[in-house]
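Subject: Structure for you to look over

Hello,

Here is the structure I promised to pass on. Please open it alongside the notes that follow.

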Amino acid sequence: MPGHYIKCVVEASFPLVFEALEGEFGNIYAKKFSGKQEAGVILGQRYFLRVNSDVAITIILKSIGTEKTEVEIISSAGAAGMMGMTWNAHKVFASEVRKHLDRRFKTRVENEISYFGTARAKAYLKKCVKCDREIPLASEECQYCNTKQP
Ligand SMILES: [Zn+2]
């Protein structure tokens, strides 16, 4: 069952953004990773009446310098009935996270993909920052010139 994907860049430091999202959406698990780059993952779920089920949210955060944070929001699961209907619950939940960010920080949406899944993620491409060739959206580095992607 596919989900809904939103990628945005927030004009605020990683700790501020992490804290804002952890408190509101991290009712399952939240973890920070420290290294050269700050990163974190937040897992949550919420009951949606329209599907009579819990819908899951996964938020992946990564610092871009000291005053910007990249946030990927993926809602999934919770489809109801034999037809696996989600009645737009995925989009609603993912958008709620984005709106929560919008209210606090300057936020820019870079990418939004409905019916998101691994196959679709592979089909989505972005351009390498250095050589400008098209590479898969999720790539950490370019497969042609090995440049790390922001
Ligand atoms: Zn490249």
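What percentage of the 150 residues in the protein chain do buried residues make up? The figure is 26%. Please keep in mind that this is a predicted model.

**Overall layout**

The protein chain holds three helices and eight strands. Reading from the N terminus, their order is β-α-β-β-β-β-α-β-α-β-β. Along the principal axes, the C-alpha atoms fill a box of roughly 45 × 35 × 25 Å. The radius of gyration is 16 Å, which agrees with the value near 15 Å for a compact globule of 150 residues. Take the contacts in the chain with a separation of 6 or more: 49% of them join residues 24 or more positions apart.

The domain assignment splits the chain into domain 1 (3-116) and domain 2 (118-150). Their C-alpha centres lie 22 Å apart.

**Helix H1**

H1 spans residues 14-25. It has 12 residues. From first C-alpha to last it reaches 16 Å, close to the expected 16 Å. Its buried residues are Phe14, Val17, Phe18, Leu21 and Phe25. These cover an arc of only 100° around the axis, so they sit on the same side of H1. The cover over them includes S1, strand S2 (29-33), S3, S4, S5 and H2.

**Helix H2**

H2 runs over residues 89-104, 16 in number. Its span is 23 Å, close to the 22 Å expected at 1.5 Å a residue. Ala89, His90, Phe93, Ala94, Val97 and Leu101 are the buried residues here. Viewed down the axis, they fall within an arc of 140° and therefore line one face of the helix. Turned away from that buried side is a face with the exposed residues Lys99 and Arg103.

What do the buried residues of H2 pack against? Their partners are helix H1 (14-25) and five strands by name: S1 (3-10), S3 (39-48), S4 (53-64), S5 (68-76) and S6 (107-116).

**The core**

In soluble globular proteins, nonpolar side chains tend to be buried together. In this model, the largest nonpolar core has 25 residues. Those with the most contacts inside it are Val17, Leu21, Ile59, Val71, Ile73 and Val97. S1, H1, S3, S4, S5 and H2 each give two or more residues to this core.

Two of those names come from the buried set of H1, namely Val17 and Leu21. Val97 is among the buried residues of H2.

Which residues does Val71 touch, leaving out those up to four places away in sequence? They are Cys8, Val10, Val17, Ile59, Leu61 and Leu101. Val17 is buried in H1, and Leu101 is buried in H2. Val71 thus has a contact with a buried residue of each helix.

**Loops and single residues**

Gly117 lies in the loop between S6 and helix H3 (118-123). It has 15 C-beta neighbours inside 10 Å, so it counts as partly exposed. Beyond its neighbours within four places in sequence, Gly117 is in contact with Pro2 and Gly3. Glu67 is 50 residues from Gly117 along the chain, and their C-alpha atoms are separated by 30 Å.

Asn27 is in the loop between H1 and S2. It is partly exposed, with 14 other C-beta atoms within 10 Å. With neighbours within four places set aside, Asn27 is in contact with Gly44 and Gln45. Asn27 and Glu134 are 107 residues apart in sequence and 37 Å apart in space, C-alpha to C-alpha.

Two residues deserve a look for their backbone angles. Ala77 has a phi near 65°, a positive value in a residue other than glycine. Ala77 sits in the loop between S5 and H2. With 17 C-beta neighbours inside 10 Å, it counts as partly exposed.

The other is Asn146. Its phi is positive, about 65°, although Asn146 is not a glycine. Asn146 belongs to the segment after strand S8 (134-136). Is Asn146 buried or exposed? It counts as exposed, because it has 10 C-beta neighbours inside 10 Å.

Best wishes

How values were computed. Residues are numbered from 1 along each chain as its sequence is written. This is a predicted model: local features need pLDDT of at least 70, side-chain atom pairs count only at pLDDT 80 or more; totals for chains, interfaces and linings use all residues. Helices (H or I, at least four residues) and strands (E, at least two) are DSSP runs, numbered from the N terminus. The expected span of a helix is 1.5 Å times one less than its number of residues. A residue is buried if 20 or more other C-beta atoms lie within 10 Å of its own, exposed if 12 or fewer, and partly exposed in between; C-beta atoms are placed from the backbone. The arc is that of the directions from the helix axis to the C-beta atoms. Two residues are in contact if their C-beta atoms, placed from the backbone, lie within 7 Å. A nonpolar core is a set of buried Ala, Val, Leu, Ile, Met, Phe, Trp, Tyr and Cys residues joined through C-beta atoms within 7 Å. Domain bounds come from an automatic or database domain assignment. The radius of gyration is taken over C-alpha atoms; the globule rule is 2.2 Å times the number of residues to the power 0.38.
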